[in-house]
Amino acid sequence: TALHELKIVRIAINYSEYYLEFGKGELMGRIFIEYLDANHTYQCINCRIHFADVNQLISKAFQGKTGKAYLFNEAVNLTSGPVEERILMTGLHRVCDLMCINCHTVVGWKYEFAYEESQKYKEGKFIIERAYMLKISPQR
């Protein structure tokens, strides 16, 4: 039966864990989402899943496809596409697109490798475009 053909895979992305169930080549089951225990968070504009704690913000001075983009040290609830080389405003980098694990919207990219020495600080960091996130503060 189909129940005997399920395989559960544990995936960890940047200290976040979620589990996917695969059966007969299709994605099935639940995705476990990490909620940040922080006063101010950046969340997906479509589904309100947490992306980052405001304390992980490095810079607001980046540019994405849709306009302003923010650089984060760490981010959660994102899955990544294949690594590819792209020529960005600051030169050639190896990056992978980042998608929200809940609504699958492409929200930014992750820097995997920077060819120029002056850009090495970006390696392992996350760009999330402002157009795809909301900053949420607690209600008073």
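**Figure 1. The order of strands along the chain of this predicted model.** Read along the sequence, the protein follows the pattern β-β-β-β-β-β-β-β-β-β-β-β-β, and the elements behind this pattern come to 13 strands and 0 helices. The protein has 140 residues, of which buried residues make up 36%.

**Figure 2. The largest nonpolar core and the strands that contribute to it.** This core has 15 residues, and those with the most contacts inside it are Phe51, Phe72, Leu78, Val107, Phe126, Ile128 and Met133. Two or more core residues come from each of strand E4 (41-44), strand E5 (50-53), strand E7 (67-72), strand E10 (91-100) and strand E12 (126-129). Apart from this set, there is a second, separate core of 7 residues, which includes Leu71, Val95, Trp109 and Tyr111. As general background, nonpolar side chains in soluble globular proteins tend to be buried together.

**Figure 3. The largest pocket and the residues that line it.** The volume of this pocket is about 220 Å³, and its lining is formed by Ala61, Phe62, Gln63, Gly64, Lys65, Arg86, Leu88, Met89, Thr90, Trp109, Tyr111 and Lys122. At least two lining residues are supplied by each of strand E6 (57-64), strand E9 (84-88) and strand E11 (106-114), with E6 giving the most, namely 4 residues. By residue type, the lining divides into 6 nonpolar, 3 polar and 3 charged residues. Trp109 and Tyr111, which belong to the pocket lining, are also among the residues of the second core.

**Figure 4. A cluster of aromatic rings formed by Tyr42, Tyr70 and Phe72.** The protein has 5 aromatic pairs by the rule applied here. In one of these pairs, the ring centres of tyrosine 42 and tyrosine 70 are 5.8 Å apart and the ring planes stand at 85 degrees, so the pair is edge-to-face. Because tyrosine 42 lies in strand E4 and tyrosine 70 in strand E7, this pair ties together parts that are 28 residues apart in sequence, and both tyrosine 42 and tyrosine 70 are buried. Tyrosine 42 also pairs with phenylalanine 72, where the ring centres are 5.3 Å apart and the planes are at 70 degrees, so that this pair too is edge-to-face. Since phenylalanine 72 lies in strand E7 while tyrosine 42 lies in strand E4, the parts that this second pair ties together are 30 residues apart in sequence; both tyrosine 42 and phenylalanine 72 are buried.

**Figure 5. A charged side chain over an aromatic ring, shown for arginine 94 and phenylalanine 113.** The charged end of arginine 94 sits over the ring of phenylalanine 113, at 4.7 Å from the centre of that ring.

**Figure 6. Positive phi values at arginine 48 and asparagine 77.** Most residues other than glycine have a negative phi. Arginine 48, however, has a positive phi near 65 degrees, and arginine 48 is found in the loop between E4 and E5. Asparagine 77, likewise not a glycine, has a positive phi of about 60 degrees, and its place is in the loop between E7 and strand E8 (78-80). Are these two loop residues, arginine 48 and asparagine 77, buried or exposed? Arginine 48 has a relative accessible area of 47% and is therefore partly exposed, whereas asparagine 77, at 4% relative accessibility, counts as buried because it falls under the 20% limit for that class.

Conventions
Residues are numbered from 1 along each chain as its sequence is written. This is a predicted model: local features need pLDDT of at least 70, side-chain atom pairs count only at pLDDT 80 or more; totals for chains, interfaces and linings use all residues. Side-chain values use heavy atoms; hydrogens and water are left out. A nonpolar core is a set of buried Ala, Val, Leu, Ile, Met, Phe, Trp, Tyr and Cys residues joined through side-chain atoms within 4.5 Å. Buried means under 20% relative accessible area, exposed over 50%, partly exposed in between (1.4 Å probe, protein chains only). On a 1 Å grid over the protein atoms alone, a cavity is a set of points where a 1.4 Å probe fits but cannot get out, and a pocket is an open set with protein on both sides within 12 Å along at least five of seven lines; lining residues have an atom within 4 Å of a point. Grid points are joined across faces, edges and corners, and a volume is the space filled by probe spheres set on the points. Ala, Val, Leu, Ile, Met, Phe, Trp, Tyr, Cys and Pro count as nonpolar, Asp, Glu, Lys and Arg as charged, and the others, Gly among them, as polar. Rings of Phe, Tyr and Trp (its six-membered ring) pair if their centres lie within 6.5 Å; planes under 30 degrees apart count as stacked, over 60 as edge-to-face and the rest as tilted. A charge sits over a ring if NZ of Lys or CZ of Arg is within 6 Å of the ring centre and within 35 degrees of the ring normal.
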